Amino acid sequence: MNSVQGHLEVQAHLLPTEFGGRMTPISSGFRVQFYYDTSEGDVELVSLNQDSVKPGENFNASLKFIFPANHCVMIKLGMIFLLREGHKVIGYGQVTKIIA
């Protein structure tokens with residue numbers, strides 16, 4: 001059983017604008033909904049592997065859950081997730097590391 005202290009490392013992709021993605025780039029400090037299985041939680045991008053990420057780009061990032069206790073046993077290594085703003089999917093990715 002994995003224990004999440006609120007931090008994850010992920011590989012992700014922002015959808016291009018023409019496929020429903022954002023119109024503007026994101027950077028460290030950006031908050032978004034992390035949707036997995038049938039659950040979601042608010043996360044903050046703590047650090048990116050670059051200054052900003054434009055729609056259509058891949059990126060690696062560290063994320064932290066705003067309320068980590070709600071997700072402690074549900075996040076698994078290799079899990080696929082969606083990044084959402086409201087009900088709009090803006091990206092997707094995979095959990096590469098769980099930082100306990």
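Q: In E6, which residue is the bridge partner of His7?

A: The general idea is to take one residue and look for the residue across from it on the paired strand. In this predicted model, Lys64 of E6 is the bridge partner of His7.

Q: In which sense do strands E1 and E6 pair, and over how many bridges?

A: Strand E1 covers residues 7-14 and strand E6 covers residues 58-65. Their pairing is antiparallel and runs over 7 bridges.

Q: Over how many bridges do E1 and E8 pair?

A: E1 and E8, the latter spanning residues 88-99, pair over 8 bridges in the antiparallel sense. For a single position to look at, Glu9 has Lys97 of E8 opposite.

Q: How many salt bridges does the rule count?

A: A salt bridge is read from the distance between a side-chain nitrogen of Lys or Arg and a carboxyl oxygen of Asp or Glu, with a cut-off of 4 Å. The count here is 3 salt bridges.

Q: What is the N to O distance between Arg22 and Glu85?

A: The distance is 2.6 Å, and the two side chains form a salt bridge. Arg22 sits in the loop between E1 and strand E2 (26-27), while Glu85 belongs to strand E7 (residues 80-85), so this contact ties together parts 63 residues apart in sequence.

Q: Is Arg22 buried or exposed?

A: Accessibility is read against a cut-off: buried means under 20% relative accessible area. Arg22 counts as buried because its relative accessibility is 14%. Its partner Glu85 has a relative accessible area of 32% and is therefore partly exposed.

Q: How far apart are the closest N and O atoms of Glu44 and Arg31?

A: They are 3.9 Å apart, and the two residues form a salt bridge. Glu44 lies in strand E4 (residues 39-48) and Arg31 in strand E3 (residues 31-36); the pair links distant parts of the chain, 13 residues apart. Glu44 is buried, at 18% relative accessibility. Arg31, by contrast, is exposed: the cut-off is over 50%, and its relative accessible area is 54%.

Q: With which residue does the side chain of Glu40 meet in a salt bridge?

A: The partner is Arg84, at 2.6 Å from N to O. Because Glu40 is in strand E4 and Arg84 in strand E7, the salt bridge ties together parts 44 residues apart in sequence.

Q: Is Arg84 buried or exposed?

A: Arg84 is buried, with 13% relative accessible area. Glu40, at 37% relative accessibility, counts as partly exposed.

Methods:
Residues numbered from 1 in each chain as written. Predicted model: local features only at pLDDT ≥ 70, side-chain atom pairs only at ≥ 80, totals over all residues. Heavy atoms only, no water. Pairing = 2+ DSSP bridges. Helix = DSSP H or I, 4+ residues; strand = E, 2+ residues; numbered from the N terminus. Buried < 20%, exposed > 50% of the residue type's maximum accessible area, 1.4 Å probe, protein only.
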